[in-house]
Amino acid sequence: MSSSAPPILPISNSQPTPTTTTSSAISDPPATAIRTLISNLSDSLRNGLSQRRPWTELTDRSAFSKPESFSEATLRIRKNFNYFRINYYAVVSFILAVSLLTNPLSLILLIGLLASWTFLYLFRPSDQPLVILGRTFSDFETLSLLSVLTVFVIFLTSVGYVLVSALMLSVAVVCLHGSFRVPEDLFMDELDNSQSTGFLSFIRGAAAVAPSAVAPPPPGRV
């Protein structure tokens, strides 16, 4: 009578892959996401500013003349804005910065508002609810409080007046320059390649890394 040996079952000694990196990435403080955002934003800003036109073209006195009609002024503004896009954004940013620096209270309130949105909602870990004075706030309650705070700071303090005044002055400066700057000497064939280049485009590119640096929000968060 022949005896057959029982089949040998394969034994797996595989160990579960440690999730230290993933868990540590999720449990990292919001400072990690902020540093990533700032780094990418800085790179994008440098890339955008490197594409600005020479300031000598912007201030060339020989290229200024009075427009003959309103339609001509509008056409000049459109062409000059497309060509001097980055330069105009720099001028607007400079006027906004000067306006805020000359109004320290508005600057402090605006910084406090941005910090509140950053640390209490945008980069707060989704598994850590907001707790103030022993009371736990849900995501909806946090969003509502920040929205009310934003409305109060923008419309019921000097921040709104400073921002609106600075933006109106910026628009006036850009339109005045664009209407008097003759665009005939500009290389208008480059406009098609520069349509996707601008302040908003590289701000969006820099901000796109924020969701990947923090844990995904719960379904209730917008």
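This is a guided tour of the structure above, stop by stop, with a suggestion of what to select at each one.

**Before you start**

The model is predicted, and local features are given at pLDDT of at least 70, side-chain atom pairs at pLDDT 80 or more, while totals for chains, interfaces and linings use all residues. Residues count from 1 along each chain as its sequence is written, and side-chain values use heavy atoms, with hydrogens and water left out.

**The whole chain**

Begin with the protein chain in cartoon view. Its secondary structure comes to eleven helices and two strands; both kinds of element are DSSP runs numbered from the N terminus, helices being H or I with at least four residues and strands E with at least two. Walking from the N terminus, you pass α-α-α-α-α-α-β-β-α-α-α-α-α.

Now switch to a surface. The chain exposes about 15000 Å², and carbon and sulfur atoms supply 68% of that area. Accessible areas come from the Shrake-Rupley method with a 1.4 Å probe, and for residues only the protein chains shown count as cover. Of the 222 residues, 27% count as buried; buried means under 20% relative accessible area, exposed means over 50%, and partly exposed is in between (1.4 Å probe, protein chains only).

How much of the contact in the chain with a separation of 6 or more comes from residues 24 or more positions apart? The share is 82%, where contact means heavy atoms within 4.5 Å.

**Stop 1: helix H4 and its salt bridge**

Select residues 70–83, which form helix H4. Show the side chains of Glu72 and Arg76: they meet in a salt bridge, with 2.9 Å from N to O. The term stands for a side-chain nitrogen of Lys or Arg within 4 Å of a carboxyl oxygen of Asp or Glu. A search of the whole structure finds one such bridge. Glu72 and Arg76 are separated by about one helical turn because they sit four residues apart in H4. Are the two residues buried or exposed? Glu72 is partly exposed, with a relative accessible area of 24%, whereas Arg76 counts as buried at 7%.

**Stop 2: from H4 to H5**

Add helix H5, residues 85–101. H4 and H5 pack at an angle of about 90 degrees, with their axes 5 Å apart. The axes are lines fitted to C-alpha atoms, for helices over the stretch in contact, and angles run from 0 to 180 degrees between N-to-C directions. H4 is therefore roughly perpendicular to H5; angles under 35 degrees count as roughly parallel, over 145 as roughly antiparallel, 65 to 115 as roughly perpendicular and the rest as oblique. To see the contact, pick Asn80, Phe81, Asn82 and Tyr83 of H4 together with Arg85, Tyr88 and Tyr89 of H5.

**Stop 3: helix H8 and its partners**

Next, bring in helix H8, residues 158–180. H4 and H8 pack at about 105 degrees, with their axes 7 Å apart, so H4 is roughly perpendicular to H8. On the H4 side, select Ala73, Arg76, Ile77 and Asn80; on the H8 side, Cys175, His177, Gly178, Ser179 and Phe180. Arg76, the salt-bridge residue from Stop 1, is thus part of this contact too.

Helix H6 (residues 104–122) also packs against H8, at an angle of about 100 degrees with axes 9 Å apart. H6 and H8 are therefore roughly perpendicular to each other. Here Ser106, Leu109 and Leu110 in H6 meet Ser158, Val159, Val162 and Leu163 in H8.

**Stop 4: Ile95**

Which residues does Ile95 touch beyond its neighbours within four places in sequence? Select Ala166, Leu169, Ser170 and Val173. Ile95 is in helix H5 and is buried, with a relative accessible area of 12%. The C-alpha atoms of Ile95 and Ala166 are 6.2 Å apart in space, although their positions lie 71 residues apart in sequence.

**Stop 5: a nonpolar patch**

Finish on the surface with Leu149, Val151, Phe152, Phe155 and Leu156, which make a nonpolar patch of about 530 Å². Patches are built from residues with over 30% relative accessible area and no salt bridge, with like charges joined within 9 Å and nonpolar side chains (Val, Leu, Ile, Met, Phe, Trp, Tyr) within 5 Å. Val151 is found in helix H7, residues 139–155, and is partly exposed at 46%.
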